[in-house]
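Please load the model in a viewer and keep the selection tool at hand. The tour below proceeds stop by stop, with a selection to make at each.

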Amino acid sequence: MIARVTLELALRREFDYLIPPELSGQIDVGSRVQVPLGARKVLGCVTALAEESAHARLKPILKVIGAQTLVTPKVLRLARWIGEYYCCAPEVALKSVLPDAVRQEQAGWREQLYVRALPFSGELPKLAKRQKEIWHIIEERREMPLQELIELAETTAATIRRLEDKGLVAISQQISERDPYAREHILPTQPLPLNPAQAKGLAEIVAAMDGKTNPKAEIRGPKQGRDSKAGDGARQDSPAPAERASVFLLHGVTGSGKTEVYLQAIAHALEQGKGAIVLVPEISLTPQTVERFKARFSSGKLQTLVAVLHSHLSTGERHDEWHKIRQGRARIVIGARSAIFAPVDPLGLIIVDEEHEHTYKQEESPRYHARDVAIMRGQMEGATVVLGSATPSMESFYNCTRGKFKLLQMLERVDDQKMPVVRIVDLRQSLRHGKTVPIFSPQLKEAITQRLERREQTILFLNRRGYSTSLQCPLCGYVAGCPNCSISLTYHRQEQKLRCHICGHTEPVPGVCPNEKCRNPQIRYSGLGTQKVEETLNKLFPEARTVRMDSDALKRKEDYRRILGDFRAGKIDILLGTQMIAKGLHFPNVTLVGIIYADLALHQPDFRASERTFQLLTQVAGRAGRGDIEGEVFVQAFTPFHPAIQFARRHDFTGFYDQELEFREHLKYPPFSRVALLTLKGRNEEKVAFCAEHLKRDLEASLKDSKDLILAGPAPAPLLRAETFYRYQIMLRVQRMSGVSKKLAQLMESLALPEDVSLAVDVDPVDLG
Ligand SMILES: [Zn+2]
Ligand SMILES: [Zn+2]
């Protein structure tokens, strides 16, 4: 027998090896093996078994790693699709489906010495007083780690060994699982009664899981899925056909009770004997979130293990959690992006919460989008997929209107809580009265003062990017935009130029505001720094307890937990941070949310800038008034009448969607096209620019038959010299990506780039920066 092996080296091809007789029966698709390559020994994964090979004189596999195949055939098929669709080498795609902790197998299981009481009848042998005490402890507990017993009985291993000599106990090595949540005390919960909208949503999901609404999903069960043609997904352009497995978009406002619907749908999957994967953005993976799932399923009748996969776990914890899933002991997985590859089998349900979040996109190769991978996996394995969001992405909502996804709506908050009142503050007004760009308008200042007096809490949001890349007139709100692409032009201060990083359009920076009615000579004023916010805040409210939560605090998980704990306990009056801090958190005492500069999000040079701003405003507004007191939101902006801000103020998603869709259609942006962003990077700018021109000509030639192809650029990327590299981009828009992906892969292989210039391809990019 022959095994086809993908090596863990960037070779973009597979190799055939002989399975030696002593290893036959141990090797299957998905086995990890060590094989010879030249003089070296390298690791790889078996991707297929064959009777014969086109190559003569094959070398034998040296050894098999691990007792169980790590990559299941189903996950392997998913990896193949990722390689093809996202244009990356198969070994890179394959690498991403296993956590490092599992792949490298360094951590392994933790073994510990355990003491076990042996069955015993009749008279107790003669024991010293100390030994007798120890015996009573172990007799009562039956079994416990040796170290724990030593500490509990304040004794030594030698003393316990004497009990072993007398035949009373056995001491042996056993696997001791690392449980990252062992110290949390979790109280079991029961399903909650549902309101009519929740009940309707759940009923539809359950019907789809039972195959009632689409019988084809039943016929194509997981078993048959295995032998259907591999890579069959790759021919689908959008990973979203609804005829085989159902995809739901659960559009529910913040506080509408989406999680309860998820929980009861998962319970149904378990009743069917299937498992579930729940994806949440990394930042929402708080102990609070995990607890809700554990509390429902890890206790009571079901006793189902819930495994958690995310980057804050130790290597050992990740290893153990993953193997609990692989062994079928954990049926429910909660995790960030990469948990979509968890080896749950059979899989009944995939939930992608906050499906619009761009953190689902991996920013390095393979640049996959976990939501789209989830849809593809659901289709391959006949699992129902539920995408949830208060602010669905344009793409997902569009797929509902086209009948690819089924829309479920929950537009009321549970317990009749009111949506918060959103007040827009026109910062231009404040500027006309004062001399400098204000940070806190009088209205927001007054609102904060009131909260401090009433001992209620405030959250203030700054944008993730604390600087402005666009040119905006602080007096009238005018923003310089590209005449071709309708995105904000990037302001290059040093060269005093405005530049579009999509099409390359450049123009000089105007001396006065181009708005006829304004003509402000100070348009180049750059007063939108956010560093000063904390300083000003402390000056205005010296008595308030203010904490700034920055990205450093987010990386240190103890700090993150401590700050949120203090905030919950009421030890902090004002929490200042980026929009990421309050995802999925409920603070009943927060009655005021302030957004300092909404424009910073609005005028990013990206066609999704409006969508992001709408999402940001809606999401942060959802943080206000989760308790008994009605919430209030202040949005400060220089462009207060922008549709993204106005629709967010009215909590009007469909209104926003309709008008944004028109803009996207007009300029052929997604969902009316698929985008690939090609970025060339190098230290020598001329060389990079030259290669970019060359690449564009190659693209034009090889893609000339693609339907509705639009190529824009090359243009310098917004952060031109990030990390001392020059980057040039070409943006490609096309109707269907699948055929194009294949051609791009071929082009990348045949392209002869100079050694110091590299090319990255990002299919369906979420960040154009
Ligand atoms: Zn102006
Ligand atoms: Zn442009």
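**First stop: the helix of R432**

Select R432, which counts as partly exposed because its relative accessibility is 49% (buried means under 20% relative accessible area, exposed over 50% and partly exposed in between, with a 1.4 Å probe and protein chains only). This is a predicted model, in which local features need pLDDT of at least 70 and side-chain atom pairs count only at pLDDT 80 or more, while totals for chains, interfaces and linings use all residues; side-chain values use heavy atoms, with hydrogens and water left out. Residues are numbered from 1 along each chain as its sequence is written, and chains are lettered from A and ligands numbered from 1 in the order in which they are written.

R432 is found in helix α15 (residues 427-433); helices (H or I, at least four residues) and strands (E, at least two) are DSSP runs numbered from the N terminus. Now add C476 to the selection: its C-alpha atom is separated by 9.9 Å from that of R432, and the two residues are 44 apart along the chain.

**Second stop: the zinc site**

Select the zinc ion (ligand 1) and show its donors: C473 (SG), C476 (SG), C513 (SG) and C518 (SG) coordinate it at 2.3 to 2.4 Å. Donors are N, O and S atoms within 2.8 Å of the metal (3.2 Å for Na, K and Ca); water is not among the atoms, so sites may look incomplete. The angles among the four donor atoms run from 100 to 113 degrees, and the site is tetrahedral (for four donors, all angles between 85 and 135 degrees). The spacing of the donor residues in sequence is C-x2-C-x36-C-x4-C. C476 belongs to the loop between β17 (457-462) and β18 (490-492), and C513 to the loop between β20 (506-508) and α17 (532-540), so this pair ties together parts that are 37 residues apart in sequence. C476 is buried at a relative accessible area of 15%, and C513 is buried at 0%.

**Third stop: aromatic pairs**

Which arrangement do the rings of W81 and Y86 adopt? Rings of Phe, Tyr and Trp (its six-membered ring) pair if their centres lie within 6.5 Å; planes under 30 degrees apart count as stacked, over 60 as edge-to-face and the rest as tilted. By this rule there are 13 aromatic pairs. W81 and Y86 are edge-to-face, at 5.7 Å centre to centre with 85 degrees between the planes. W81 is buried at 0% relative accessible area, and Y86 is buried at 1%.

Move next to F397 and F653, whose ring centres are 4.8 Å apart and whose planes meet at 70 degrees, so this pair is edge-to-face. F397 lies in helix α14 (residues 394-401) and F653 in helix α23 (residues 653-667), so the pair ties together parts that are 256 residues apart in sequence. Extend the selection to F614, F656 and Y657, which form one aromatic cluster with F397 and F653.

**Fourth stop: the nonpolar core**

Select V373, one of the residues with the most contacts inside the largest nonpolar core, which has 113 residues. Such a core is a set of buried Ala, Val, Leu, Ile, Met, Phe, Trp, Tyr and Cys residues joined through side-chain atoms within 4.5 Å. Helix α1 (residues 73-85) contributes its largest share, seven residues.

Definitions and conventions. Tetrahedral: all angles 85-135°; square planar, octahedral: opposite > 155°, others 65-115°.
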